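Please open the structure in a viewer and keep the sequence panel visible. The tour below proceeds by selections, each followed by a description of what is found there.

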Amino acid sequence: MIQELHDIQTSFGAIFGELTTTETVPVSFANDAAAITATKESVALCDRTHWGRLQISDSDRLRFLHNQSTNNINKLQPGQGCDTVFVTSTARTIDLATAYATEDALLILVSPNRRRQLLELLDRYIFPMDRVELTDLTDTTVAFSAIGPESSKLLEKLGVSELENLPHASHKLIKLAGIEVRVAMGSGLASPGYTLIATATDAAKLWHELVQAGAVPMGDRVWEQLRIEQGRPAADFELTDDYNPLEARLLHTITYDKGCYIGQETIARLNTYKGVKQQLWGIQLSGAVEPGTAVTIEEEKVGKITSVTETQSGFFGLAYIRTKAGGAGLKVQVGEIVGEVVNVPFLS
């Protein structure tokens with residue numbers, strides 16, 4: 001089924017590569033500049049099938065996820081959703097995920113390099129009295145992101161108009177070109193758009209219909225460039241044992257009055273006593289640097305680069321900067337390279 005999708009993508013120019021998580025993905029469609037333009041002016045289509053899709057069902061599903069992550073899951077009604085963060089008992093970040101509440105389940109979209117870890121983590125916290133069933137849907141479903149200001153027009157062309165102007169992560173099960181698709185608000189980036197989840201058997205047809213309707217195919221390489229430019233923190237880069245969600249500036253994912261959950265005491269204490277010692281920022285760079293390079297001011301270390309990409313306007317990175325050093329507008333040194341700290345839309 002996925003091979004059929006890859007065959008269709010190959011016909012549109014896909015160049016495939018294998019990620020460190022061993023999934024094979026379209027890295028590029030030999031059109032990176034056009035795809036980036038589409039995310040700003042029209043609509044691009046990115047295959048995120050290698051991301052994990054976990055399902056939590058049965059009557060305790062809301063309470064269970066509520067107790068395992070940072071946002072208020074208990075309040076979600078069918079058709080609603082939210083971003084939430086999985087953390088360790090000491091509030092160190094594991095992953096930034098999106099949860100969608102359906103009539104009888106929770107569907108959770110997680111990072112590709114956190115799928116197995118989160119499956120094991122969630123399974124470990126299911127106790128005999130819990131009415132919870134955990135299912136990995138990753139191999140039987142696909143996920144695409146439509147990214148760009150014309151995303152709504154693209155869906156309208158295919159007969160879908162019910163979602164526009166709804167809150168982030170709102171979603172509906174919709175017939176799109178005869179295919180049953182769960183369409184959710186939000187592209188996964190700061191850019192406007194939608195996330196589409198369907199069965200793997202419909203993957204090739206859905207991709208073909210979206211491209212035929214005007215979406216510009218976009219590879220994972222462009223996704224990575226955009227997520228760094230826009231400031232979406234990623235597992236193994238910005239989301240590691242070294243950082244907590246407050247430092248990652250994922251404030252929209254945290255509900256402080258929701259009661260007890262894993263990592264809650266540490267997060268509450270950091271918030272109450274203003275204990276956030278570093279924060280994630282963008283850095284405009286005058287040249288290339290490696291992730292892990294120290295950020296300094298007058299030879300004093302004030303932070304560390306976590307991700308770097310080359311953009312149309314030069315090199316750009318994400319870095320954790322010591323809170324006392326300052327924020328946007330700060331001039332810094334990154335190895336031999338000059339940098340300026342800037343705001344990024346995903347964290348603004």
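How many bridges join strand β11 to β12, and in which sense do the two strands run? The model under view is a predicted one. Select residues 179–185, which make up strand β11; 5 bridges join this strand to β12, and the two run antiparallel. Within this pairing, Val 183 stands opposite Leu 196 in β12.

**Strand β12 and its other neighbour**

Next, select residues 193–199, the extent of strand β12. Is this strand largely enclosed or largely open? Of its 7 residues, 6 are buried, so strand β12 is largely enclosed by the rest of the structure. Add strand β9, residues 141–147, to the selection. Strands β9 and β12 run antiparallel and are joined by 7 bridges. One facing pair to display here is Ala 146 and Tyr 194, the latter in β12.

**From strand β9 to helix α6**

Keep β9 displayed and show the side chain of Phe 144, together with that of Trp 207. These two residues form an edge-to-face aromatic pair, with 5.2 Å from centre to centre and 80° between the planes. The pair links distant parts of the chain: Phe 144 belongs to strand β9, whereas Trp 207 belongs to helix α6 (residues 203–212), 63 residues apart. Are the two residues buried or exposed? Phe 144 has a relative accessibility of 0% and therefore counts as buried; Trp 207, also at 0%, counts as buried. Now add Phe 29 to the view: Phe 29, Phe 144 and Trp 207 form one aromatic cluster.

**Helices α1 and α6**

Select residues 2–11, which form helix α1, and display helix α6 beside it. The axes of α1 and α6 come within 7 Å and cross at roughly 25°. The two helices are therefore roughly parallel to each other. Which residues make the contact? On the α1 side they are Glu 4, Leu 5, Ile 8 and Gln 9, and on the α6 side Ala 203, Ala 204, Trp 207 and His 208. Trp 207 thus appears in this helix contact as well as in the aromatic cluster.

**The open sheet**

Move now to the sheet that contains strands β4 to β8. Its 5 strands form an open sheet in the order β5-β6-β7-β4-β8, with antiparallel pairing. The edge strands are β5 (81–87) and β8 (133–136), each of which pairs on one side only. From one strand to the next, the twist averages 25°.

Select residues 93–101 and 105–110 to isolate strands β6 and β7, which pair in the antiparallel sense over 4 bridges. Ala 99 stands opposite Ile 108 in β7.

Two helices should then be added to the view. Helix α3 (residues 61–68) packs on the sheet and touches β4 (52–57), β5, β6 and β7, its direction making about 30° with that of β7. Helix α4 (residues 115–124) also packs on the sheet, where it touches β4, β5, β6, β7 and β8; its direction makes about 15° with that of β4.

Before leaving this region, select Asp 58, in the loop between β4 and α3. Although Asp 58 is not a glycine, its phi is positive, at about 85°. With 40% relative accessibility, Asp 58 counts as partly exposed.

**The loop between α7 and α8**

Which residue in this loop has a positive phi near 60° without being a glycine? Select Arg 249, which has that phi value and is placed in the loop between α7 and α8. At 12% relative accessibility, Arg 249 counts as buried. Its charged end sits over the ring of Trp 281, 4.2 Å from the ring centre. A further selection of this kind is Lys 258, which lies over the face of Tyr 261 at 4.5 Å from the ring centre.

Finally, select Tyr 243 and Tyr 320. They form a stacked aromatic pair, 3.6 Å from centre to centre and with 10° between the planes. Tyr 243 lies in the loop between α7 (220–230) and α8 (264–272) and Tyr 320 in strand β17 (residues 314–322), so the pair ties together parts that are 77 residues apart in sequence. Tyr 243 is buried, with a relative accessible area of 5%, and Tyr 320 counts as buried at 1%. The structure holds 4 aromatic pairs, among them this stacked one.

Technical notes: Residues numbered from 1 in each chain as written. Predicted model: local features only at pLDDT ≥ 70, side-chain atom pairs only at ≥ 80, totals over all residues. Heavy atoms only, no water. Pairing = 2+ DSSP bridges. Axes fitted to C-alpha atoms, helices over the stretch in contact; angles between N-to-C directions. Contact = heavy atoms within 4.5 Å. Phe/Tyr/Trp six-rings, centres within 6.5 Å; stacked < 30°, edge-to-face > 60°. Buried < 20%, exposed > 50% of the residue type's maximum accessible area, 1.4 Å probe, protein only. Lys NZ or Arg CZ within 6 Å of the ring centre and 35° of its normal. Parallel < 35°, antiparallel > 145°, perpendicular 65-115°, else oblique.
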